[in-house]
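I keep these entries to record what I looked up, one topic at a time, and where I looked for it.

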Amino acid sequence: MKILVTGGAGFIGSHTLVELNAAGHDTVVVDNLSNSNRKSLERVAELTGKEIPFYEVDIRDRKGLNRVMEAHHFDACIHFAGLKAVGESVEKPWEYYENNIGGTLTLLDVMRHHGCKNIIFSSSATVYGDPAIIPITEECPKGHCTNPYGQTKSMLEEIMMDMQKADKEWNIVLLRYFNPIGAHPSGRIGENPNGIPNNLMPYITQVAIGKRKELGVFGNDYPTPDGTGVRDYIHVCDLAAAHVCALKAIIRQSGIGIYNIGTGHGYSVLDMVKAFIRVNGVDVPYSIKPRRAGDIATCYCNPAKAKAELGWEAIYGLEEMVRDSWNWQKNNPNGY
Ligand code: NAD
Ligand code: UD1
């Protein structure tokens, strides 16, 4: 199939390009490089042995998107492009709504005008808020999102569901990612955060390499086995593979499919730190800090629906996740 990959130069997009090309798909990338670097695409070309056509186009740019869609006939779009920093979204809500919602509305409109109505959308576990059911199934009601980033994911899900109700030609897969970490085992592509990382794993790797003094563990008084927050960490290559499975489903079935993409295992912050130290043989100094505003105690999923309907399940375990995160950081101390 020929796939339009928006946000393909980013963390999850670059890993998904590798999986898609390995599965025999043709890919074309649209990215405005606002949070990424051309080098990721050069590395993808190196890993796949294929040049990946790239357009430096913003998804809010209707003319630019039209040019891309006129030059290629796409079977489907995998839509990663968006802003994703939770804290920044609280400071700049307009920018988040305009980029994520405005951009996606333009993309959907251009797609339908070109007769391409198959889309896989990057949603997030954040739509469950403080989850009512653990492990979280897709039936778990959506919760209150405490930040504009989360709101954009939740609203975009609703928008796409309404569009599909009105036009049955749309085939839409909403993938609710849990906590992606790790990197391609080659160490050539990985996560490349700007500035001080917000997320746990890039913070750990930057402490391990000596860029940051110590990790702050945000709270040890949660109702969890060791008091620190529990999450469903998933290897980014497993996450990438889920998109290949979702593509098979999108041509088989019609309608809306919503899937949790996680491993189903919950690990605490201290589980992660200890596994990282043990597997990689490097030290990660840490100290306990107050809870971070907006955090929840426990978040992990039941991924059974994705296995039953998409034929997908995670294969990488905790050791591979911490190994590959470190391998990427060690080989690319300053990112790309
Ligand atoms: P990323 O920032 O590495 O990748 C997003 C890409 O989109 C970047 O290359 C950026 O330059 C591009 N982009 C942003 N706005 C754009 C626009 N208007 N036009 C064109 N390109 C634009 O992020 P990621 O971690 O790879 O995340 C990919 C998607 O998955 C995002 O939608 C994100 O919200 C979602 N998601 C990520 C996580 C996570 O923990 N990483 C969790 C859940 C959901
Ligand atoms: C965060 C976002 C969520 C987003 C997800 C994936 C918030 C409130 N939520 O989720 O919307 O979908 O990333 O991108 O930001 N931790 C520390 N020290 C650190 C960093 C994190 O102890 O320096 C802890 C956190 O308290 C949490 C766990 O590590 O218990 C994971 O944190 P993080 O990687 O930021 O992901 P989430 O909070 O799950």
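**Entry 1: the shell around ligand 1.** I began by asking which element gives the largest share of the shell around ligand 1. I found that it is β5, which contributes three residues. I noted for myself that the model is a predicted one, and I read every value below with that in mind. I then looked up which residues come nearest, and of the 27 residues around ligand 1 these are Ile12, Asp31, Asn35, Ser36 and Lys84. Sorting the shell by class, I wrote down 11 nonpolar, 11 polar and five charged residues.

**Entry 2: polar atoms facing ligand 1.** I looked next for N or O atoms of the protein beside the oxygen atoms of this ligand. Ser36 offers an N or O atom of its side chain at 2.6 Å from an oxygen atom of ligand 1, and Lys84 has a polar side-chain atom at 2.8 Å from an oxygen atom of the ligand. In Ser34 it is a backbone N or O atom that lies 3.0 Å from an oxygen atom of ligand 1. I also looked up how much of the ligand is covered: taken alone, ligand 1 exposes 820 Å², and the protein buries 95% of that. The elements that give two or more residues to its shell are α1 (11-22), β5 (118-124) and α6 (148-166).

**Entry 3: helix α6.** Since α6 is listed among those elements, I looked at this helix by itself. It has 19 residues and reaches 27 Å from its first C-alpha to its last, which is close to the 27 Å expected at 1.5 Å a residue. Among its buried residues I noted Pro148, Tyr149, Gly150, Leu156 and Met160. The buried residues of α6 pack against α4 (86-91), α5, β5, β6 (171-177) and β11 (255-261).

**Entry 4: Thr104.** Moving to α5, I picked Thr104, which has its place in this helix (residues 93-113). Is Thr104 buried or exposed? Its relative accessible area is 1%, so I put it down as buried, given that the cut-off for buried is under 20%. Leaving aside neighbours within four places in sequence, I found Thr104 in contact with Ile59, His79, Asn99, Leu156 and Met160. Two of these names, Leu156 and Met160, I had already written down as buried residues of α6.

**Entry 5: Cys77.** I then turned to strand β4 (residues 76-79), where Cys77 has its place. Cys77 counts as buried, because its relative accessibility is 0%. I checked its position against Asn118: the two are 41 residues apart in sequence, yet 6.3 Å apart in space from C-alpha to C-alpha. Not counting residues up to four places away in sequence, Cys77 touches several others, including Leu4, Thr6, Leu107, Asn118 and Ile120.

**Entry 6: ligand 2.** Last, I repeated the search around ligand 2, where Leu200, Gly216, Arg231, Arg292 and Asp295 come nearest of the 18 residues around it. The largest share of this shell, four residues, comes from strand β8 (residues 215-218). By class, the shell divides into eight nonpolar, seven polar and three charged residues. A backbone N or O atom of Leu200 lies 2.8 Å from an oxygen atom of ligand 2, a polar backbone atom of Phe218 is 2.9 Å from an oxygen atom of the ligand, and Ser124 places a polar side-chain atom 3.0 Å from an oxygen atom of ligand 2. Taken alone, ligand 2 exposes 740 Å², of which the protein buries 87%.

Note on methods: Residues are numbered from 1 along each chain as its sequence is written. Chains are lettered from A and ligands numbered from 1 in the order in which they are written. This is a predicted model: local features need pLDDT of at least 70, side-chain atom pairs count only at pLDDT 80 or more; totals for chains, interfaces and linings use all residues. Side-chain values use heavy atoms; hydrogens and water are left out. A residue is near a molecule or strand if one of its heavy atoms lies within 4 Å of it. A polar contact is a pair of N or O atoms within 3.5 Å; within protein, one must be able to donate a hydrogen and the other to accept it, and residues adjacent in sequence count only if both atoms are side-chain atoms. Accessible areas come from the Shrake-Rupley method with a 1.4 Å probe; for residues, only the protein chains shown count as cover. Ala, Val, Leu, Ile, Met, Phe, Trp, Tyr, Cys and Pro count as nonpolar, Asp, Glu, Lys and Arg as charged, and the others, Gly among them, as polar. Buried means under 20% relative accessible area, exposed over 50%, partly exposed in between (1.4 Å probe, protein chains only). Contact means heavy atoms within 4.5 Å. The expected span of a helix is 1.5 Å times one less than its number of residues.
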